[in-house]
Structure formats: structure tokens, C-alpha cells
Amino acid sequence: MSSRVRLGPVAALGLALLAAGCEAAQTRIDKLAELARQVGDQVSGTGDKPSTPDPLTTSPLESRALAGTIEPAVEIAAVSLEDLLQTESYFAIGSVIAKPKADLAEPAVEPEIFDVEAADPALAAQEETDAAVDAVEPVNPAQDEPMSAPAPRTADIPGALRRPSPIPSRPAPDAVLRKDQAISRSLEKAARQSGVKVTEDTVRLARRSAEEAMKADTQTAQQIGDGIARQNLDRKAPVPRELAVRNKLDMNAALNARDQAYSKLEELGLSGVVVPEEGGQMRIVIGVSPTQFRPGADLTNVPQMNDLFARKKESPEDECRQNPTRSALQSDPVLATECVVKVLMETGDYEYVEKDYIFTNQLLKRPPSAKPGAATVARIVPNDPLFGLQWNLKDTGTAAGQSPGGGGFSGFWTRARSTGSRSVTVAVIDTGIQMSHPDITGSRNLAPGFDMVSDAMMGNDGDGRDTDPNDPGDRCDPSDPTSRDTFHGTHVAGTIGLASSNNANGVAGGAWDVTIVPVRALGRCGGRLSDINDAIRWAAGRVPGRDGLGNEVWNQNPADIINLSIGLFEPCPASMQSAINDAVAAGSIVVAAAGNARIDTRYFAPGGCQNVISVAAGDGRGMLAPYSNYGADIDIMAPGGDMARDDDADGRPDGILSTKFSRNCYDPASPGVSVAECFYAYENGTSMAAPHVSAALALLKARYPSAVPSELRSRLLTASSPRTPLQCSGACSSYPGSQPIPGQAGQCSRPCGGLMLNLANAQMQ
């Protein structure tokens, strides 16, 4: 007899249903497990991916054509003024920058506080009268011979303060009061423009904050800036940033110093115009200056630019100590400029007096591009067709989709689940922006900017300062076939994030969502120190700009980060350090290119200035690029590229690919096919390294919006990979004064901060 239990129909049906239920449950478990695996693969970027069309081959030609081929690693002899400006110290003839000491003024008169809605019409009329002082020519003393160049008319210089005649030794008390009241009214006007309700407390707080900010120096600027940033995080703060940190000019000190400057010019037999400016400094335009634009000038017949600049002499004081005659000074504008600096500084009444140096971009000069050869098609991850060629934005490593010199942006986007925020502002002080660029036109990341170039000859746009930061080109000598427009600011801003990312067009930026404020301070042949100083303060929301009519123009998007991809082969000028201190005290972080001179960056500005993040350039291997400056002042190394290398063997140069109009281009999807014009190009230099750090800071600020500047700097340095001395090495013969590396014959270490940007390492809390 069988021991097997026989089940009835009902029991059998029950077991069958139970088995079916278990199988269904297991199926659901398996599906959930598969879903979890797919989610994990999506977050980590691994796993099988669906086959999608390659954007490089399917995008329109305009969206993918680019310029830049591998260049021979050879030294190019410096023969043009453009070359010399990048390797020598030049200054604008006839232009001097000075800042009077604050103790020149009497104690300030307590101002009357006004309410905008109940402003005194009589005072407003008086203010307009004061602003419209009759133009009076500077007085020239008796001359022993005619001047070699006519003095510029004061009416030709927008915003110039005319010298009254006769010169008062000190303004009358009622004039001082009116000036002080005018400052209060200016604060009120700016408050109303920024949407803040104007009250007596609002204006008092604005004045107190401005006076506190004026105390910023190299040691205290960071602390003041952190405090300003914390105040701006408090939504109850009644004063907007541009008011809370305004650095007004002390009118008493300005008037006294202006009169003294005129007297010293007269003693030397010179004429000129002294222009007190926002930010506390003065610009002295000497009458012998050939650089000053005059209305009606024919800008199509531009003189050779080397007539506008002079190379710094080794010992200019020696010539001035020989007491040159008035005739000698009038016939030698370079000597006149040098001697005005010396004579004013010897009075002891100025914090600094210096020449108006010419800064240039830090894009590495290279020979003209050759015909492109065959190129392999790289795999593209996002839908920007050229993103796959941007090794600089990839994660650091040697695996597929990585680069040894990559900045780790891809990893940050994934881990932080953030590509930025338009609440974060980066100001790009540079050559301006090509507003017609197809990847920039209509970009949501572009905010109103300013053209701070005061000299129309250098501006190349027919006028002086205005609200149009468009880049018309910056070639020194259009007749020189080797000279080219760099469109440098467009390339820099594109790397940060001005170009619309993930739009199936061109390249991607480091920060897909960010507010970019273009501030044009460099034009033909470079930019003047005086203009750059004003640009730094304006970008930080510290002072207003002024249009052609003298109207105030405030930066409505004060910068969280200021990018300076510029350089001067000089230690940091005192006026530039002062401007940087003011910006840092306003809560901005200043990022500066270290420079391309292969020297210690302490001999270079602004990379050698204090209170900046100084950025050296790395190549595709994650090693210090051979052209980059180095030294103890370097904070971090970031991708700057090397057009002479192709370490990823993709047939293209290891430069930085970004936005800019170019010629002699090619189609990367069709090897060997030439394209006459394009909107993307490879470049290299510390100019290209700095914007990677600016973009990284913008991403960190978006991820941690309550972090103050010092905290963001710390997070940046944490988001890096260490560098060994060997990774910062170079031939000792090429870098005199560098430290030999033990066991490495002929190799010397060039300190590069000991860190390479690797944003994927950013801490996430």
C-alpha cells in the first residue's frame, strides 16, 4: 500500500494557487532587483547603455567644425609688439595712477540723510550744477620751447574733473557738505535701482559698511569679505551688496591731492588732467600723451601701437635725478611719465604712484595652424557634439572616458547631481565676448556686462567706456599678417560655462548653469592697469561704471568669482593689489592665471598678487605645462593644455577646446575636410587653466550656497589630487633658479601648488 497522500480536488487547487503565487512573488523580486541594478548603473555611469547616434557625426557642420592642430614644440622668436607685450613690461605713455593718503582730508562732515521720495529739489539742482563745472583748460606756465604734443582737451576726456581757476587751497565748508550730501544721494539712487526700500537706516548702514570696507588691506580683506558674504546670506539684510561695500572717494583728499598734482605738473612744465575716480584712486593724463582719443579722430588711420606704449626702463630714476629741463620733458613723453611718477611719490602724500602698465591675455603664442591631418572620431557622452574632445572636463584616470590630466568635472556632475546654478555669478575680466557666437547668442547664462576700456584706440570700437562688452577684435597691428584677433574672453568664458551646454551644439562648459558677467578691460594690444583696476571693483559691485554721459552703471550681478586670465611681467602693482583687496573685501573670490613666462609667479601679476587663487597650467598627462609659471605663490594646477602634445593619441592637439570664432578649420567627423570658418578652437596657456578653477568654484558655490569665500577656497583645495615634484619638473637649463630633483639628472622641480584640480574628489556632505 502506498504511503503517498492523495489530495482531493480542492486541496490540489489550493496548492497550485500557492505555487503560482510564490512564482509571481519571485518574479516581482527579480524585477525589483533588476530595477535596482539599472538605477545603480545609471548613478555610477556603468552597465550596458542603449545604442544612440553619435552626436559628432549627426550634428550640423556649424556645431562641430573646429580649429587647432598639433604644433611643433619650438620656441618662436619675439619679433612683434604683440610678442613683446607678453614678455616685457610696457606702460601707456602719459598715464599715471595714484592714490592719495586718507589723512589729507579734514574730518568728514556728518551728512544729511535724505529719503528718495522726499528729496530736496533744490539740492538735486545744485548737484547737477556741481556736475556741470565749466571746462577750463589746464594752465601752462611759461615755456622755454613749444611742447612736442598738444595737451588733450579736458572736454575730450569723459568724466574728467576740470581744474577750477583759481585753484582753491581747500573747498569751502558748504561745498564739502554738498559733496557729502551728494554721496548720500548716490547711495539712495543705487538703492532704489536695486529694489531696496530707502530709509534713513538703509542709507546710514550703507555709509557705515562702505567706510568699513575702505579699511580693507591685504591682511584684512578676506575676513571682511567673509563677513559681507554672511550678511548677504541673511535675507533680512536691508542693504544690497553693491551698496554695502561701496568704496566712495574721499572728496576732501581728492581735491587736495588733485591741486598738488597740478602744481607738480606745472613745476615740470607739463599740463594734463587729473581725474579722481571711484575706488579712491586718481588717473593723471599728462598733456604729452599720444594715446588719448579725441572726438572726430579717424580711427581707420590708426598709428603704430608701439607709439602708444613704452618699455619699462631698468633705472628711470637716474634720468629724473639729473633734473631734466622742461624742454627735455616736453620732447620725451616717456621720460615725462617716469618723472611724474617719481616726483609725486617723493611728496609722501600718496599710498602709491605708478605707471599705467599694459596687461595681456595669457593665451600661449603659437605659430599659424597647419593643414589638418586625419583624425579619429571620439565617443561622445552628452549631446554637445564636441564634448568627447574636451579631455580637460573628464575624470582623472587612464580608463576609457578618463584623462590623466582631466579636471574631474564629469564625476562631480554625477556625484553632486548638479551642473551649477544661475544664482552664482562669475565675472570674466577680459577682451569681452563675441555676442554673435551661435553657442552664446540667447544663452541664459549671459548677464549684462560693461566695457571698461577708456581709450578708443585700444578699444577698437570707436568710443570709450559703455555698457557694450562685445569683442570687436584685439589685433595690435592689422597690417601684420601674423597678427590675429584672439577672441580670448570668448574662449575663457566658454570654458567656464557661457556656452549653452547640453544643447546638441558645440562644446560644454564646466558649469552648465551659471551667470556670466563679461567685463571688457582688454582691447587692442592688451589692457591698461587703470582700466583693469576699475573693472575689478565694478565686477565686485564695489563701484559704479559711468557711461558716455557720466551716468552711473552698477553691476546688478556682483561677482561671487572674478576670473583674471591676464598677465604682466612685473611684481603685483600696488594699485592692482588695492583693487583686489577691495573685491575680496566685498565677498568675491579672485582667480588669476599664473602666467606663461616660465618664471616664479612672484614676478608676475596678477598671479603673484596676494588674496588671489593663483592657477598654474597642466597638460593632458597631469604634469605642469612647460610654459607655465610656478613657485610658492601657486595655489593649484588646472588643465591648461599643450598644443605640442597628443598624449591621448586621438590625432588632435592636447589644447583646451572652447568657443571662439576661427579660420582654417576642419570637420572632426570627416578627416581631411577643411572648413573656412568655425566657432570652436583649441588653445593653451594659463589663461585656459584659470577658468577651470572659476568653473569649479561656481559648481561648489551652487552645491553649498551658504559657504563663505574662505570655505569655498578650502573646498576647492580639497577637490584635488596631489602632485609630486616629478610631475612639476622640467629641464634645469630651461628654468634657472629651480630646485634640482635628487636622482633625476638635469631635472628641476617647479613648485605648482602640490595639487591638481580634480573636482570629482570634492567632499559631499
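In strand S24, serine 749 is the bridge partner of serine 729, and that pairing is a handy place to enter this predicted model. Strand S24 covers residues 747-749 and runs antiparallel to S22, with three bridges joining the two. Widen the view a little and you find an open sheet of three antiparallel strands, ordered S22-S24-S23. Strand S22 (729-731) and strand S23 (739-740) are the edges here; each has a single partner strand, so one side of each is left without a neighbour in the sheet.

Let's turn from backbone pairing to charged side chains. The salt bridges come to 23. One of them brings aspartate 513 and arginine 422 together at 3.0 Å, N to O. Aspartate 513 sits in strand S10 (residues 513-520) and arginine 422 in strand S8 (residues 420-430), so this contact links parts of the chain 91 residues apart. Arginine 422 is partly exposed, at 31% relative accessibility.

Another salt bridge joins aspartate 534 to arginine 465, at 2.8 Å from N to O. Here helix H16 (residues 529-539) supplies the aspartate, while arginine 465 belongs to the loop between helix H14 (456-459) and helix H15 (488-496); the two residues are 69 apart. Aspartate 534 is buried, with a relative accessible area of 6%. Both residues also belong to a salt-bridge network that includes Arg283 and Asp531.

Finally, look at glutamate 683 and lysine 660, whose closest N and O atoms are 2.9 Å apart in a salt bridge. Because glutamate 683 lies in strand S20 (residues 674-683) and lysine 660 in strand S19 (residues 656-666), the pair ties together parts 23 residues apart in sequence. Glutamate 683 is buried at 1% relative accessible area, and lysine 660 is buried at 2%.

Conventions: Residues are numbered from 1 along each chain as its sequence is written. This is a predicted model: local features need pLDDT of at least 70, side-chain atom pairs count only at pLDDT 80 or more; totals for chains, interfaces and linings use all residues. Side-chain values use heavy atoms; hydrogens and water are left out. Two strands pair if DSSP finds at least two bridges between them. Helices (H or I, at least four residues) and strands (E, at least two) are DSSP runs, numbered from the N terminus. A salt bridge is a side-chain nitrogen of Lys or Arg within 4 Å of a carboxyl oxygen of Asp or Glu. Buried means under 20% relative accessible area, exposed over 50%, partly exposed in between (1.4 Å probe, protein chains only).
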